[in-house]
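Student: I would like to learn how to read a protein model. Could we take it feature by feature?

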Amino acid sequence: MSIRPFTPSDIQQLKEIFEKNGWKMKGQVNDIFRYSLKKTNLIVLTLKFPLRLPKIRLNLPYEIANFKISIVFKLWHLNDKTIKIIFYFLKAFKELTEQVFLEPNISVEGNIQDFLNILNLILPETIKNETERSWLNRIRTSLLNKRDHFSDQFNQFDKEKTEKIVNILKNSGLNPSFKQPWELKKGLPKIRTSETLLFSNEDEKLDEFFILEKGFITYFKDLIYEKLYIRTFFESYNPYLLSTALNYDQNTEFNFEIHVKNWIKLSRVFLNSILDIINNAKLNINEFMTFNPEYELLNNDFEGNICNFPLSALNYESILSKELFELHNNLFESPPTHFEVIESSIDNYTKAEAFIRNYQFESATRLLNEALKIFNKYHQKKAVISVLLLLRKIASQLNDRHLEQNYLQNALNIIKSEGTPNHFLINIQYKLGKTYFKLRLLNESINHFNEVISHNKGKVAHSEPNGTLNNSDNTLKSIGMAFIYLGLIYTEQEKLAEAKLHFKNAYEIGKNSLKVKLNFYLHRAIAYKQRKNSSQAIKLLTMALNSFNEENLPLHENIFFKLLLQMAEIYLFSRKNKNKSLYF
């Protein structure tokens with residue numbers, strides 16, 4: 001069957017059908033029935049169930065939470081049969097809204113004035129014809145800008161209540177997770193990377209996520225059924241607002257984590273209701289096309305540029321952000337479950353990296369030691385090792401070899417006792433070998449370099465076109481460098497046969513790794529220079545410099561300048577050729 005895209009008359013006909021039946025495209029806060037259309041024959045139908053406070057009338061569109069259920073489908077073409085299907089859904093969804101009545105077990109009657117004061121402080125002025133996504137984003141921005149007013153609740157919620165919410169989520173099948181929703185894969189605004197905890201149901205074939213932010217929560221569960229994409233969803237900006245108004249620590253009737261548990265259950269019930277509607281329709285699935293939800297729903301070519309599929313508020317904020325950042329999952333051994341571990345520790349870690357780049361080592365060391373305490377507190381051993389490696393880098397740049405060796409040995413002890421990814425072990429063994437080499441403790445250096453080689457035994461290098469090792473084979477750089485250092489040590493010890501063998505192994509690896517190749521020439525040239533063999537040193541340096549081209553030079557600038565410096569020194573001090581030295 002060939003697809004016939006919606007024509008302008010098809011789009012107009014569908015708009016008339018939806019609008020006459022009370023469905024809105026704009027997606028404003030008070031719109032219960034929402035739809036979106038694409039010329040690619042995609043239709044989005046979304047119902048909203050707002051959870052509002054009973055017995056209180058407000059001029060602003062305040063909601064404790066809002067629930068949504070949505071179905072997305074793509075038709076081969078628009079005809080009498082498919083129009084009949086659309087009418088069925090409109091009727092069934094309307095009947096569903098008539099069956100659902102949401103009233104929270106939350107009362108602010110004894111705290112009305114405090115509650116209204118908080119709302120007046122946080123909720124922005126309404127804008128005529130504003131979409132709900134824009135309205136919620138302005139609330140999020142207001143919460144962010146006025147956090148000082150909630151400092152007590154922030155501290156209390158973060159330290160005392162987050163754990164209760166995490167336990168509720170775990171009991172609901174939602175566990176701390178490194179997995180990210182497809183709508184957030186491009187990254188998050190920088191400030192959100194250190195205050196976003198993700199939970200997911202790993203047993204589900206599709207996404208089921210809970211996103212816990214400071215002052216905002218989002219839940220959704222997705223399902224593909226009979227070629228229809230379904231999402232049940234809720235979000236709330238009230239964790240701190242209600243906590244403040246109801247004196248969270250004193251009012252035993254308000255336990256936010258219990259409401260979270262009930263809201264998750266309710267959302268799952270909504271999903272079952274949608275499945276019943278679809279099953280009762282007895283659809284001919286041949287009328288529907290399969291499609292890629294991520295592509296269709298994030299590609300904003302909807303009619304009126306409005307997509308009423310319930311994407312997370314984080315997604316909307318990310319779209320507006322000029323720059324996106326990845327979550328720091330690479331630092332963690334297990335997914336974080338507390339804000340403290342990702343907030344102050346990650347913030348300190350990233351600031352320390354910037355301080356190191358600017359040679360502000362004292363400030364960097366102070367921040368890293370603070371981060372180390374928090375990472376240790378939450379048993380994030382992988383992060384502890386990462387901090388120790390940064391501290392080693394500082395010691396290395398300060399030429400404090402004994403302190404450098406101490407940090408590396410502590411990291412190695414953690415790996416041996418706790419167990420962490422293999423690349424950490426190889427990296428640390430290599431750095432220890434290099435440190436002992438500089439300390440002239442050659443036997444210890446040999447032991448660590450041999451450990452590097454034994455862990456990598458049997459691996460084959462694969463290189464990228466620019467001569468760098470790809471990410472999966474990055475540890476092969478360590479084995480190449482280990483062979484180089486062993487060759488230098490055995491040369492110094494006059495064990496020439498062993499030195500020759502290790503240099504040969506390094507040369508073979510260098511064929512697939514430009515970095516190893518350049519270091520092979522550099523270190524051997526330095527060794528020849530120290531033995532007053534300037535001709536052989538110049539030959540090796542020339543071979544190294546001839547390996548550069550326009551593509552790989554930017555990736556290896558550091559070693560390029562080291563090669564030039566060595567060449568200049570040889571011509572200046574060994575050959576007494578000042579002009580040639582200045583040339584380099």
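**Reading the model, feature by feature**

Tutor: Start with one residue: Pro-189 lies in the loop between strand E4 (175-176) and H6. Keep in mind that this is a predicted model.

Student: Is Pro-189 buried or exposed?

Tutor: Look at the relative accessible area, where under 20% means buried. Pro-189 has 7% relative accessibility, so Pro-189 counts as buried.

Student: Which residues is Pro-189 in contact with, leaving aside its neighbours within four places in sequence?

Tutor: Those contacts are Glu-317, Ser-318, Ser-321, Glu-323, Leu-324 and Phe-325. Sequence distance and distance in space are separate things to read. Pro-189 and Leu-327 are 138 residues apart in sequence, and their C-alpha atoms are 9.8 Å apart in space.

Student: How do I read a salt bridge?

Tutor: Look for a side-chain nitrogen of Lys or Arg within 4 Å of a carboxyl oxygen of Asp or Glu. The whole structure has 28 salt bridges. One of them joins the side chains of Glu-317 and Arg-192, at 2.9 Å from N to O. This pair links distant parts of the chain, with Glu-317 in helix H10 (residues 313-320) and Arg-192 in helix H6 (residues 190-193), 125 residues apart.

Student: Why do Glu-317 and Arg-192 count as buried?

Tutor: The cut-off is under 20% relative accessible area. Glu-317 is buried because its value is 12%, and Arg-192 is buried because its value is 4%.

Student: Which residue forms a salt bridge with Lys-377?

Tutor: The partner is Glu-340, and the closest N and O atoms are 3.1 Å apart. This pair also links distant parts of the chain: Lys-377 is in helix H12 (residues 361-377) and Glu-340 is in helix H11 (residues 339-357), 37 residues apart. Glu-340 has 28% relative accessibility, so Glu-340 counts as partly exposed.

Student: Where do Arg-401 and Glu-404 lie?

Tutor: Both are in helix H14 (residues 401-418), three residues apart, about one turn of the helix. Their side chains meet in a salt bridge of 3.2 Å, N to O. Arg-401 and Glu-404 are both buried. Salt bridges can also share partners, and those that do so join Arg-34, Lys-48, Arg-52, Glu-63, Lys-68, Glu-132 and Glu-235 into one network.

Student: How do I describe two packed helices?

Tutor: Two packed helices are described by the angle between their axes and the distance between the axes. Here, helix H2 (residues 80-99) packs with helix H8 (residues 256-281) at an angle of about 140 degrees, with the axes 11 Å apart. The crossing of H2 past H8 is right-handed. On the H2 side, the contact is made by Tyr-88, Phe-89, Ala-92, Phe-93 and Leu-96. On the H8 side, Ser-273, Ile-274, Ile-277, Ile-278, Asn-280 and Ala-281 take part. By class, this contact has nine nonpolar, two polar and no charged residues.

Student: How many residues does the largest nonpolar core have?

Tutor: That core has 114 residues, and those with the most contacts inside it are Phe-18, Ile-43, Leu-45, Phe-73, Phe-89 and Phe-210. Apart from this core lies another, of 46 residues, among them Leu-514, Val-516, Tyr-521 and Leu-545.

Student: What does Leu-45 touch, not counting residues up to four places away in sequence?

Tutor: The residues touched by Leu-45 include Phe-18, Trp-23, Ile-69, Phe-73 and Phe-89.

Methods: Residues numbered from 1 in each chain as written. Predicted model: local features only at pLDDT ≥ 70, side-chain atom pairs only at ≥ 80, totals over all residues. Heavy atoms only, no water. Core = buried A, V, L, I, M, F, W, Y, C linked by side-chain atoms within 4.5 Å. Buried < 20%, exposed > 50% of the residue type's maximum accessible area, 1.4 Å probe, protein only. Contact = heavy atoms within 4.5 Å. Helix = DSSP H or I, 4+ residues; strand = E, 2+ residues; numbered from the N terminus. Axes fitted to C-alpha atoms, helices over the stretch in contact; angles between N-to-C directions. Left-handed = near helix turned anticlockwise from the far one by under 90°. Nonpolar A, V, L, I, M, F, W, Y, C, P; charged D, E, K, R; others polar.
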